[in-house]
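I had a chain on the screen and a free afternoon, and I wanted notes on how its parts sit against one another. The entries follow in the order in which I looked things up.

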Amino acid sequence: MLLGSFISTELKSQGLDLGAGTGVLSLMLAQKNQKLQIDAVEINANVAKECDLNFQNSKWKKNLKSISADYLQFPFKKKYDLIFSNPPYHFENILSPDNGVNISKHSLLSDFIQFFQLVKKLLTENGDFWIIIPFFSSDQLTKLANEYGLFLKEYIYIHSKPSKKNIRVIINFSRKKQDNIREREFVIRNENNLYSEEYIALTKDFHSKDLC
C-alpha cells in the first residue's frame, strides 16, 4: 500500500513490475496514471494467473499485462521509464526448508546483484526505479545498487509508530547521480494505534472505506 502510494507516475508511459505477485502495485499505479502501460512479471505460475485475473477484472485491463516468468531470464524487448518492485526481503544464506518460502521470502546477495544489473539495463536514462526494503538491509543494498549504476534520488524512512522507527525504507533510484537527495520520514500509526493523518491522506484513494 505504501510503496504504490508513494510512487510518482507523472509523465511516465512504460512501467515494469518486477515480482508482481497478485498485481496490487500495478493496479494502484494504473489507477494513478491511466496512460501508463505496465508489464507485471511474476515467477510463480499460479500467482501470475491470479494476477492476470485481477487485471482482466479491473477498469485498467488495457493498460496491464501479466507475464508468468523469471524476470532474470525473461527476454525483455524494450526499456521502461518506471520500474518498481516489492522484492524478497531477506538475502541471508540461511534459507527456509520450504522451497516456496525460499522463493518468496529469501534472496541471496548474488540475486540482488543480478536484479540491480537488470534494472540498470531496462531503465531509461531519465527513468525512476522504486523499491521497498527492510531498514536493516538498506545500507548494504543501497551501496550495492550504487556499484551497479543506480543512485539515490529519494529515501523515505517508514515508522510503524513514532516510538517504533525504521521498519522499512522506500527508495527511489535513478541512473543519474543526484546533487540533492530528498529524505523524509513517514509514520503509519499514532501511539494510540489509529492511522496517522498523513497515512490516511496518502492512501485514501486506494481504500474502499474510510480509515480511522
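**Entry 1: a strand pair.** I started with a bridge: E42 has S68 in β3 as its partner. I then followed the chain, which runs from β2 through α3 to β3, and I noted this β-α-β crossover as right-handed. The pairing of β2 with β3 is parallel and counts five bridges. I should write down here that the model is a predicted one.

**Entry 2: the helix in the crossover.** I checked the length of α3, residues 45-56, first. Its twelve residues, at 1.5 Å a residue, should span 16 Å, and the C-alpha atoms at its ends are 16 Å apart, so the two agree. Which residues of α3 are buried? I found A48, C51 and F55 to be buried. They lie on the same side of α3, because the arc they cover around the axis is only 55°. The general rule I kept in mind is that an α-helix has 3.6 residues a turn, so residues three or four places apart point the same way. On the other side of α3 I noted N46, K49 and L53 as exposed.

I asked next what the buried residues of α3 pack against. The list I wrote down is α2 (24-32), β2 (37-42) and β3 (64-68). The two strands of the crossover, β2 and β3, are thus on that list. At the start of α3 I looked at N44, where a side-chain oxygen comes to within 3.0 Å of the backbone nitrogen of N46.

**Entry 3: the neighbouring helix.** Since α2 had come up as a packing partner of α3, I went there next. I recorded L25, S26, L27, M28, L29 and A30 as its buried residues. Their cover includes α1 (2-6), β1 (14-18), β2, α3, β3 and β4 (80-85).

I picked S26 out of this helix for a closer look. S26 is buried, because its relative accessible area is 0% and the cut-off for buried is under 20%. Leaving out residues up to four places away in sequence, I found S26 touching D17, I38, A40, F55, L64 and F84. F55 is one of the buried residues of α3.

**Entry 4: the loop after α2.** Between α2 and β2 there is a loop, and I stopped at Q34 in it. Is Q34 buried or exposed? Q34 is exposed, because its relative accessible area is 55% and exposed starts over 50%. Its contacts, leaving aside neighbours within four places in sequence, are W60 and N63. I also took the C-alpha distance from Q34 to T9, which is 9.7 Å for two residues 25 apart in sequence.

**Entry 5: an acid in a strand.** D128 sits in β5, residues 123-134. I put D128 down as buried, because its relative accessible area is 7%. What does the side chain of D128 make a polar contact with? I found the side chain of K12, at 2.9 Å. Beyond four places in sequence, the contacts of D128 are K12, D81, L82, I83, L123, K153, N172 and F173.

**Entry 6: a loop between strands.** K153, on the contact list of D128, turned up again when I looked at I181. I181 is in the loop that joins β7 (168-174) to β8 (182-187). I181 counts as partly exposed, because its relative accessibility is 40%. The C-alpha atoms of I181 and K153 are 5.0 Å apart, though 28 residues separate them along the chain. With neighbours within four places set aside, I181 is in contact with L152, K153 and E154.

**Entry 7: backbone angles.** I looked up two residues with positive phi. L11 is not a glycine, yet its phi is positive at about 65°. L11 belongs to the loop between α1 and β1, and I noted it as exposed, because its relative accessible area is 80%. N193 is also a residue other than glycine with a positive phi, near 75°. N193 lies in the loop between β8 and α7 (197-203), and its relative accessibility of 40% makes it partly exposed.

**Entry 8: the chain as a whole.** I left the totals for last. I wrote down seven helices and eight strands for the protein chain. It has 212 residues, of which 46% count as buried. Of the contacts with a separation of 6 or more, 68% come from residues 24 or more positions apart.

Technical notes:
Residues are numbered from 1 along each chain as its sequence is written. This is a predicted model: local features need pLDDT of at least 70, side-chain atom pairs count only at pLDDT 80 or more; totals for chains, interfaces and linings use all residues. Side-chain values use heavy atoms; hydrogens and water are left out. Helices (H or I, at least four residues) and strands (E, at least two) are DSSP runs, numbered from the N terminus. The expected span of a helix is 1.5 Å times one less than its number of residues. Buried means under 20% relative accessible area, exposed over 50%, partly exposed in between (1.4 Å probe, protein chains only). The arc is that of the directions from the helix axis to the C-beta atoms. Contact means heavy atoms within 4.5 Å. A polar contact is a pair of N or O atoms within 3.5 Å; within protein, one must be able to donate a hydrogen and the other to accept it, and residues adjacent in sequence count only if both atoms are side-chain atoms. Two strands pair if DSSP finds at least two bridges between them. A crossover is right-handed if, with the strands pointing away from the viewer, the path from the first strand over the helix to the second runs clockwise.
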